[in-house]
Amino acid sequence: MHTQRRTGKADRRNYSGKRRHHGLHFLALTDENGRLIWISAARPDHTHDNTAARHDHIPAHLRATGLGALADLGFRGLDNDIRDPVIVTGFTATRTHRLTPGQKTANRVLATGRAPVEHGFAHLKNWRTLTKLRTDPSRAPQLLRALLVLTNLEINC
């Protein structure tokens, strides 16, 4: 989420050199229908997905509740339990390793399962106030959680 740059060093930690703007990083979980269930606390925009997920203990919470998650490639390597993975990600090709037809099919099936999830995130991004946050970044989680409730009410009505 983009944020307005504050003066001084107060907001420097929210700068992402990769995206070249100030922002905040959030993780969110949805159900299989794309309804948002949970939103994490705000972190600086340059935080990696795996780092944020490990900090929130997402694999441990999913394992404890007996649930699983379909994730994008930003979460590769997060769940290293090969026998009982709770976070499933796709396969990536490299210069020296092309995907097999089975891996391509698995990626297509995963993308089909993740489509409602992406729709859930899109519903949250429809709120115009999220285009550029103009308040103190420490208030962003409360704003997002309030929008989460409003989005779920809007979708379910």
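This passage describes the overall make-up of a predicted model, followed by helix 2 and the salt bridges.

The protein contains four helices and eight strands. Read from the N terminus, these elements follow the order β-β-β-β-β-β-α-α-β-β-α-α. Of its 157 residues, 34% are classed as buried. Among contacts in the protein with a separation of 6 or more, 44% join residues that lie 24 or more positions apart. The accessible surface amounts to about 10,500 Å², and carbon and sulfur atoms contribute 54% of this area.

Helix 2 spans residues 58-65, and its buried residues are Ile58, Pro59 and Leu62. These residues lie on the same side of helix 2, because the arc that they cover around the axis is only 100 degrees. In general, an α-helix has 3.6 residues a turn, so residues three or four places apart point the same way. The other side of helix 2 carries His61 and Ala64, both exposed. The cover over the buried residues of helix 2 is drawn from several elements, including strand 5 (36-39) and helix 1 (49-55). Strand 7 (69-70) and strand 8 (87-88) also belong to this cover. Just after helix 2, the backbone at Gly66 adopts a positive phi of about 80 degrees.

Side chains of opposite charge can pair when their charged atoms come close. Under the criterion applied here, the number of salt bridges is two.

One salt bridge joins the side chains of Asp31 and Arg35, with an N to O distance of 2.9 Å. Asp31 is buried, since its relative accessibility of 12% falls under the 20% cut-off. Arg35, in contrast, has a relative accessible area of 36% and is therefore partly exposed. This pair thus combines a buried acidic residue with a partly exposed basic one.

The other salt bridge is formed by the side chains of Glu118 and Arg114, at 2.2 Å from N to O. Both residues belong to helix 3 (residues 101-125), and because they are four residues apart, about one helical turn separates them. Here the basic partner is the buried one: Arg114 has a relative accessibility of 12%. Glu118, at 40% relative accessibility, is partly exposed.

In summary, helix 2 has Ile58, Pro59 and Leu62 buried on the same side, with His61 and Ala64 exposed on the other. The salt bridges pair Asp31 with Arg35 and Glu118 with Arg114.

Terms used
Residues are numbered from 1 along each chain as its sequence is written. This is a predicted model: local features need pLDDT of at least 70, side-chain atom pairs count only at pLDDT 80 or more; totals for chains, interfaces and linings use all residues. Side-chain values use heavy atoms; hydrogens and water are left out. A salt bridge is a side-chain nitrogen of Lys or Arg within 4 Å of a carboxyl oxygen of Asp or Glu. Buried means under 20% relative accessible area, exposed over 50%, partly exposed in between (1.4 Å probe, protein chains only). Helices (H or I, at least four residues) and strands (E, at least two) are DSSP runs, numbered from the N terminus. The arc is that of the directions from the helix axis to the C-beta atoms. Contact means heavy atoms within 4.5 Å. Accessible areas come from the Shrake-Rupley method with a 1.4 Å probe; for residues, only the protein chains shown count as cover.
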